[in-house]
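Please look through the sequence and the model shown below, and keep both at hand while reading. The report begins with the empty spaces inside the protein and then turns to its strands and helices.

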Amino acid sequence: MKKKVLSMLLCCAMTFTLLAGCSSDGGDKQANAPETSQTDKKETDEKEEAKSSDDSQDTDTKSSDDGATSGGKKVGVAMPTKDLQRWNQDGANMKNELEAAGFTVDLQYANNDIATQVSQVENMISSNCDILVIASIDGSALGTALKGAKEKNIPVIAYDRLIMETDAVSYYATFDNESVGEIQGQYIVDQLDLENEAGPFNIELFTGSSDDNNCVFFFGGAMKVLQPYLDEGKLVVKSGTDTTLAACATPNWSTEESQKRMENIIAKSYSDGTTLDAVLSSNDSVANGITNALASYTGEFPVLTGQDCDITSVKNILAGKQSMSIFKDTRELASQVVKMVTAINNGEEPEVNNTSDYDNGTGIIETYLCTPVFVDKDNYKELLIDSGYYTEDQLK
């Protein structure tokens with residue numbers, strides 16, 4: 001009996017050992033495995049490699065399985081920050097459209113920190129992204145990082161903000177930013193009826209970050225329209241602020257900074273009941289700070305411009321606290337950039353419509369300009385709701 005038990009135990013032990021050996025990934029046994037096992041192992045390895053890559057990214061930066069299995073090349077997308085609704089939408093639109101086109105996407109947000117964005121771009125280059133799309137925080141801060149892209153022949157598309165002082169930039173995609181400023185300036189002219197009214201009307205001027213090359217166009221376009229009325233005396237900057245970009249700039253497009261500056265202006269120039277008729281603001285984050293500051297202003301809300309149609313600003317437009325915002329449909333811009341990326345990937349020349357106006361200090365950058373329009377309380381439904389950009393519930 002003891003012998004039978006011992007014999008059974010030995011058989012079990014030998015069977016367990018044999019099974020363990022069959023499940024091993026050892027080289028000799030793998031070499032003798034059927035061909036289908038080689039395929040399974042390759043797929044497993046690829047999945048593990050993809051998972052390892054994904055685990056190193058934020059949930060918003062994970063690559064698309066569709067892009068990977070379709071053999072799509074890798075596109076690095078660098079966005080300035082998640083703190084502004086506009087950049088969240090841009091990043092999401094870009095990622096979705098690129099993945100739908102078969103590309104793998106590495107999407108990164110830099111929390112408006114220049115050093116972080118430089119590091120992210122360097123990592124994209126070292127991880128062998130095939131194409132880079134970059135919305136820079138500081139257009140002059142990426143030159144050194146992009147030397148690596150130039151050396152590896154990685155095409156770079158500057159997204160909405162032109163990257164300055166580097167010959168690594170291949171193309172630029174944006175909205176017609178000078179037109180943005182012109183529309184804002186003309187809106188003020190029309191609302192105050194400056195063609196017919198004698199005035200004078202009091203105006204204050206705000207733009208964005210002085211290290212953002214777009215401000216040259218935003219502010220320049222607006223002042224091209226407003227300057228004749230300032231020269232004529234129909235418009236007066238009551239605070240005495242110089243009408244230069246540097247004097248009217250708002251660091252990092254900060255809502256808090258614009259609120260502080262507006263509060264100081266109100267205390268200095270409008271606390272005695274003087275009427276503030278208009279405020280030029282180059283975008284919505286700056287306009288939101290101005291709106292916050294106007295809580296201490298006892299007069300009627302002035303004509304106030306903006307840009308980007310952020311939800312907070314659209315709600316303010318409907319509440320009569322902001323007059324208008326420039327609508328730059330980022331879906332259109334994302335679609336155009338995807339077309340540019342696809343053309344580059346196919347060895348073709350991307351479509352551009354401006355080859356003369358955008359010089360980044362090393363030469364003219366071939367550019368595609370999308371067309372902006374303005375939204376106010378009279379047309380918001382048609383442009384924002386009917387187009388599917390927002391739902392009615394989002395603006396309640």
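The largest cavity has a volume of about 110 Å³. Its lining is made up of 13 residues, and those closest to the centre are Arg-86, Trp-87, Arg-161, Asn-283 and Asp-308. This is a predicted model, and a search of the whole structure finds three cavities of 30 Å³ or more. Rolling a probe the size of a water molecule over the atoms shows where empty space is left. Helices α5 and α9 (214-232) each contribute at least two residues to the lining of the largest cavity.

The second largest cavity, with a volume of about 80 Å³, has a lining that includes Pro-80, Thr-81, Leu-84, Asn-112, Ile-137, Asp-211 and Trp-253. Trp-87 and Arg-161 also belong to the lining of this second largest cavity, and both are among the residues closest to the centre of the largest cavity.

Besides these cavities there are pockets, and the second largest pocket has a volume of about 260 Å³. It is lined by 15 residues, of which Asp-83, Leu-84, Trp-253, Thr-255 and Ser-285 lie nearest its centre. Helices α11 (255-270) and α12 (284-293) each supply at least two residues of this lining. The table sets out the linings by residue class.

| Space | Nonpolar | Polar | Charged |
|---|---|---|---|
| Largest cavity | four residues | three residues | six residues |
| Second largest cavity | five residues | four residues | three residues |
| Second largest pocket | two residues | ten residues | three residues |

In what order do the strands of the open sheet of six strands lie? The order is β2-β1-β3-β4-β5-β11, and the pairing is parallel. At the edges are β2 (104-109) and β11 (367-370), each of which pairs on one side only, and the twist from one strand to the next averages 15°. Strands of a sheet pair through backbone hydrogen bonds, either parallel or antiparallel.

Strand β1 (residues 74-79) is joined to β2 by six bridges, and within this pair Gly-76 has Asp-106 in β2 as its bridge partner. Strand β1 also pairs with β3 in the parallel sense over four bridges, where Val-77 stands opposite Val-133 in β3. Three bridges then join β3 to β4, with the two strands running parallel, and here Ile-134 stands opposite Ala-158 in β4.

In a regular strand the side chains alternate between the two faces of the sheet. Both faces of β3 are covered, with Ile-131 and Val-133 buried on one side and Leu-132 and Ile-134 buried on the other. Helix α5 (residues 85-100) packs on the sheet and touches β1, β2, β3 (131-134) and β4 (156-159), while its direction makes about 170° with that of β2. Helix α6 (residues 114-126) lies across β1, β2 and β3, and runs at about 175° to β1.

Is Ile-203 buried or exposed? Ile-203 has a relative accessible area of 1%, and because buried means under 20%, this residue counts as buried. Ile-203 is found in strand β6 (residues 201-206), and, leaving aside residues up to four places away in sequence, it touches residues that include Ile-188, Leu-226, Leu-230, Val-237, Tyr-270 and Leu-280. The C-alpha atoms of Ile-203 and Val-303 are separated by 9.1 Å, although these residues are 100 residues apart along the chain.

Key
Residues numbered from 1 in each chain as written. Predicted model: local features only at pLDDT ≥ 70, side-chain atom pairs only at ≥ 80, totals over all residues. Heavy atoms only, no water. Pairing = 2+ DSSP bridges. Axes fitted to C-alpha atoms, helices over the stretch in contact; angles between N-to-C directions. Contact = heavy atoms within 4.5 Å. 1 Å grid on protein atoms, 1.4 Å probe; cavity = no way out; pocket = protein on both sides within 12 Å on 5 of 7 lines; lining within 4 Å. Points joined across faces, edges and corners; volume = space filled by probe spheres on them. Nonpolar A, V, L, I, M, F, W, Y, C, P; charged D, E, K, R; others polar. Buried < 20%, exposed > 50% of the residue type's maximum accessible area, 1.4 Å probe, protein only.
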